[in-house]
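This report introduces a protein chain to a reader who has not met it before. The sequence and the structure are shown first, and a description follows.

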Amino acid sequence: MNTINDFLIGICFLIGSILFFYDSLKNIGVWLFILESVQLLIRPTVQLVHDFHLSKYLKAGYLNE
C-alpha cells in the first residue's frame with residue numbers, strides 16, 4: 001500500500017508541476033498539490049495509529065501476566 005501511495009504522490013506532483021506552466025491550469029495544479037499533501041500525511045498517520053494501538057495492546061498483555 002505504501003508503494004502505491006508513493007507512486008500516486010509522484011504522479012500528482014509531476015502533473016501539478018506541469019500544470020503550473022499554463023496559466024489556465026494553475027488552479028488544478030494547486031488542487032493536485034493539496035491532494036498530494038494529504039497523501040503525504042497518510043503513511044505517518046497510519047503508523048501513529050498502529051503504534052498507539054500496539055503499545056496499548058502490549059501494555060494490556062503485560063498487565064495480565
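## Overall form

What radius of gyration does the chain have, and what would a compact globule of 65 residues have? The chain has 19 Å, whereas a compact globule of that number of residues would have a radius of gyration near 11 Å. The model described here is predicted. Along its principal axes, the C-alpha trace spans about 65 × 20 × 10 Å.

The secondary structure consists of two helices and zero strands. Helix α2 covers residues 26-63, and α1 covers residues 2-19, with a loop between α1 and α2.

## Surface and burial

Of the 65 residues in the chain, 14% are buried. The accessible surface of the chain comes to about 5,500 Å², and carbon and sulfur atoms account for 73% of that surface.

A nonpolar surface patch of about 630 Å² is formed by Phe20, Val30, Trp31, Ile34, Val38, Ile42 and Val46. One of these residues, Phe20, is placed in the loop between α1 and α2. Phe20 is classed as partly exposed because its relative accessible area is 34%, a value that lies between the limits of 20% for buried and 50% for exposed.

Asn27 belongs to helix α2. With a relative accessible area of 53%, Asn27 is exposed, since the exposed class begins over 50%. From Asn27 to Val38, one of the patch residues, the separation is 11 residues in sequence and 17 Å in space, C-alpha to C-alpha.

## Buried polar residues between the helices

Two polar residues illustrate the contacts made across the helices. Is Asn5, in helix α1, buried or exposed? Asn5 is buried, because its relative accessible area is 8% and the buried class holds values under 20%. Gln39, in helix α2, is likewise buried, with a relative accessible area of 9%.

When neighbours within four places in sequence are left aside, Asn5 is in contact with Gln39, Ile42 and Arg43. Under the same condition, Gln39 is in contact with Asn5, Leu8, Ile9 and Cys12. Farther along the chain, Asn5 and Tyr57 stand 52 residues apart in sequence and 28 Å apart in space, C-alpha to C-alpha.

## Aromatic pairs

How many aromatic pairs does a search of the whole structure find? The search finds two. In one pair, Phe20 and Phe33 are tilted, with 5.4 Å from centre to centre and 40 degrees between the planes. Phe20 lies in the loop between α1 and α2 while Phe33 lies in helix α2, so this pair ties together parts that are 13 residues apart in sequence. Ring pairs link Phe13, Phe20 and Phe33 into a cluster.

Both members of the tilted pair fall in the intermediate class of exposure: Phe20 is partly exposed at 34% relative accessibility, and Phe33 is partly exposed at 23%.

## Salt bridges

Side chains of opposite charge can pair when their charged atoms come close. A search of the whole structure finds two salt bridges. In one of them, the side chains of Asp6 and Arg43 meet at 2.4 Å, N to O. Asp6 is located in helix α1 and Arg43 in helix α2, so this salt bridge ties together parts that are 37 residues apart in sequence. Asp6 is partly exposed, with a relative accessible area of 40%, and Arg43 is partly exposed at 34% relative accessibility. Arg43 is also among the residues in contact with the buried Asn5.

The side chains of Asp23 and Lys26 form a salt bridge as well, with 3.3 Å from N to O. Asp23 is exposed, with a relative accessible area of 65%, whereas Lys26 counts as partly exposed at 31% relative accessibility.

## Links between the parts

Several of the features described above join separate parts of the chain. The salt bridge of Asp6 and Arg43 connects helix α1 with helix α2, and the pair of Phe20 and Phe33 connects the loop with helix α2. The contact between Asn5 and Gln39 brings together a residue of helix α1 and a residue of helix α2.

Conventions: Residues are numbered from 1 along each chain as its sequence is written. This is a predicted model: local features need pLDDT of at least 70, side-chain atom pairs count only at pLDDT 80 or more; totals for chains, interfaces and linings use all residues. Side-chain values use heavy atoms; hydrogens and water are left out. Helices (H or I, at least four residues) and strands (E, at least two) are DSSP runs, numbered from the N terminus. Buried means under 20% relative accessible area, exposed over 50%, partly exposed in between (1.4 Å probe, protein chains only). Patches are made of residues with over 30% relative accessible area and no salt bridge: like charges are joined within 9 Å, nonpolar side chains (Val, Leu, Ile, Met, Phe, Trp, Tyr) within 5 Å. Accessible areas come from the Shrake-Rupley method with a 1.4 Å probe; for residues, only the protein chains shown count as cover. A salt bridge is a side-chain nitrogen of Lys or Arg within 4 Å of a carboxyl oxygen of Asp or Glu. Contact means heavy atoms within 4.5 Å. The radius of gyration is taken over C-alpha atoms; the globule rule is 2.2 Å times the number of residues to the power 0.38. Rings of Phe, Tyr and Trp (its six-membered ring) pair if their centres lie within 6.5 Å; planes under 30 degrees apart count as stacked, over 60 as edge-to-face and the rest as tilted.
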